[in-house]
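This report describes the interior of one protein chain. Please look over the sequence and the structure before reading on.

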Amino acid sequence: MGQEESALKKVSDFYESKISHMWDIIANGHIHLGYWDDQNRDADFSGGTEKLTRLMIEKAEISSGQRFCDIGCGVGKPAIMLAGAKGCFVDGITISEYQQKEAGKRAEEEGVEDKTRFFTANALDLPFADDTYDGGWFFESIFHMGHHGALCEAHRVLKPGAVLVICDIVDIGIMTVEEKRLVKNLGAVYAKAEEYPDLLTGAGLDLIEISEITREVMGPFASKSAEAIRAHKSELLKIAPGELVSEFEKICERMSKTAGYVILKAKNRDK
Ligand code: SAH
């Protein structure tokens, strides 16, 4: 196995691990962090993760009948909600075959199988022609892929003028060496928010807007996830031993103190 292949295998193994399955349970299929502000302060963990999906859907500029690319789609929940909300066609890409199958199954259960397709593929080498999509997003996935390469590939498959939305965990200079090592072990590298304008320009896109939402995302994360782990304890214990459930809680707590979070929109340039 080449170096690149083994790095991809690491990411796919993570998204097929018990930790990811536990996340799926407490977040009801949204494999990302949550968002809490004054309007949903009391929402539980899955409510917060759903709210972040709704924010992404609000930002996505896509109409009924158009084609959208979800690059790093998890088990399909955001793609399913987007297709339902906007009536567009969504292609979801994941590096995990398990997630691809799971997403297809869930789309069928939600009655959007005619609007969604899921593929196991590498975001750096998408199996789609140039100028295929009217819109796209990286929903908490680009930090696994290498920002420059992933953005260049998005630029290629998106039509000129298409809007790309990104939610990303970012480096705000508070990570310890040990935390950096853990993140790198998951094939992840966090960019800094300030790097985004150049990252986008370098790949053929222009920044439209960027908001730092660390307070709304990372702030309540530790307590909301701990509450959810407690509430779902018996379900979690069916798929993982007690020590791993405790480890999961510690991972969430550590993550909440490790990094920042941004949401941004960019426009694809002519080629
Ligand atoms: N967007 C989803 C999942 C986020 S988790 C959600 O919000 O629910 C990160 C996702 O990125 C996983 O599905 C993982 O398989 C995918 N991913 C990471 N690296 C990838 C790569 N190189 N190619 C394709 N998908 C990748």
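The sections below cover the nonpolar cores, the aromatic pairs, the enclosed space and two individual residues of this predicted model.

## Nonpolar cores

In soluble globular proteins, nonpolar side chains tend to be buried together. Here the largest nonpolar core has 57 residues. Within this core, the residues with the most contacts are W23, L82, W137 and Y261. A second core, separate from the largest one, has 29 residues, including I93, A121, A191 and L200.

W23 can be taken as an example from the largest core. Not counting residues up to four places away in sequence, W23 touches N28, H30, I31, H32, L33, F45, F221, F248 and C252.

## Aromatic pairs

A pair of aromatic rings is described by the distance of the centres and the angle of the planes. Across the whole structure, 11 aromatic pairs are found. One of them joins W23 and F45, with 5.6 Å from centre to centre and 70° between the planes, an edge-to-face arrangement. This pair links distant parts of the chain: W23 belongs to helix α2, F45 belongs to helix α3 (residues 45-59), and 22 residues separate them in sequence. Both W23 and F45 are buried. Ring pairs also extend beyond these two residues, linking W23, W36, F45, F221 and F248 into a cluster.

A further pair is formed by F119 and F128, with ring centres 5.1 Å apart. Their planes stand at 85°, which is over 60°, so this pair counts as edge-to-face. The two residues fall into separate accessibility classes. F119 has a relative accessible area of 22%, and because buried means under 20% and exposed over 50%, F119 is partly exposed. F128 has a relative accessible area of 10%, which is under 20%, so F128 is buried.

## Enclosed space

Rolling a probe the size of a water molecule over the atoms shows where empty space is left. The structure holds 1 cavity of 30 Å³ or more. The space in the largest cavity is about 30 Å³.

Its lining consists of Y15, S20, H21, D24, I31, V75, Y98 and Q99. By residue class, the lining of the largest cavity divides into 4 nonpolar, 3 polar and 1 charged. Two helices, α2 (18-27) and α5 (97-109), each supply at least two residues of this lining. Helix α2 gives the most, with 3 residues. I31, one of the lining residues, is also among the residues touched by W23.

## Two buried residues

V163 lies in strand β5 (residues 158-170). Its relative accessible area is 3%, and because the limit for buried is under 20%, V163 is classed as buried. Leaving aside neighbours within four places in sequence, V163 is in contact with E61, D134, G135, G136, I208, K265 and A266. The C-alpha atoms of V163 and D206 are separated by 9.5 Å, while the two residues are 43 residues apart along the chain.

S12 lies in helix α1 (residues 3-15). At 11% relative accessibility, S12 is under the 20% limit and therefore counts as buried. Apart from neighbours within four places in sequence, S12 is in contact with I95 and S96. Helix α1 (residues 3-15) also holds Y15, one of the residues that line the largest cavity.

Methods
Residues are numbered from 1 along each chain as its sequence is written. This is a predicted model: local features need pLDDT of at least 70, side-chain atom pairs count only at pLDDT 80 or more; totals for chains, interfaces and linings use all residues. Side-chain values use heavy atoms; hydrogens and water are left out. A nonpolar core is a set of buried Ala, Val, Leu, Ile, Met, Phe, Trp, Tyr and Cys residues joined through side-chain atoms within 4.5 Å. Buried means under 20% relative accessible area, exposed over 50%, partly exposed in between (1.4 Å probe, protein chains only). Contact means heavy atoms within 4.5 Å. On a 1 Å grid over the protein atoms alone, a cavity is a set of points where a 1.4 Å probe fits but cannot get out, and a pocket is an open set with protein on both sides within 12 Å along at least five of seven lines; lining residues have an atom within 4 Å of a point. Grid points are joined across faces, edges and corners, and a volume is the space filled by probe spheres set on the points. Helices (H or I, at least four residues) and strands (E, at least two) are DSSP runs, numbered from the N terminus. Ala, Val, Leu, Ile, Met, Phe, Trp, Tyr, Cys and Pro count as nonpolar, Asp, Glu, Lys and Arg as charged, and the others, Gly among them, as polar. Rings of Phe, Tyr and Trp (its six-membered ring) pair if their centres lie within 6.5 Å; planes under 30 degrees apart count as stacked, over 60 as edge-to-face and the rest as tilted.
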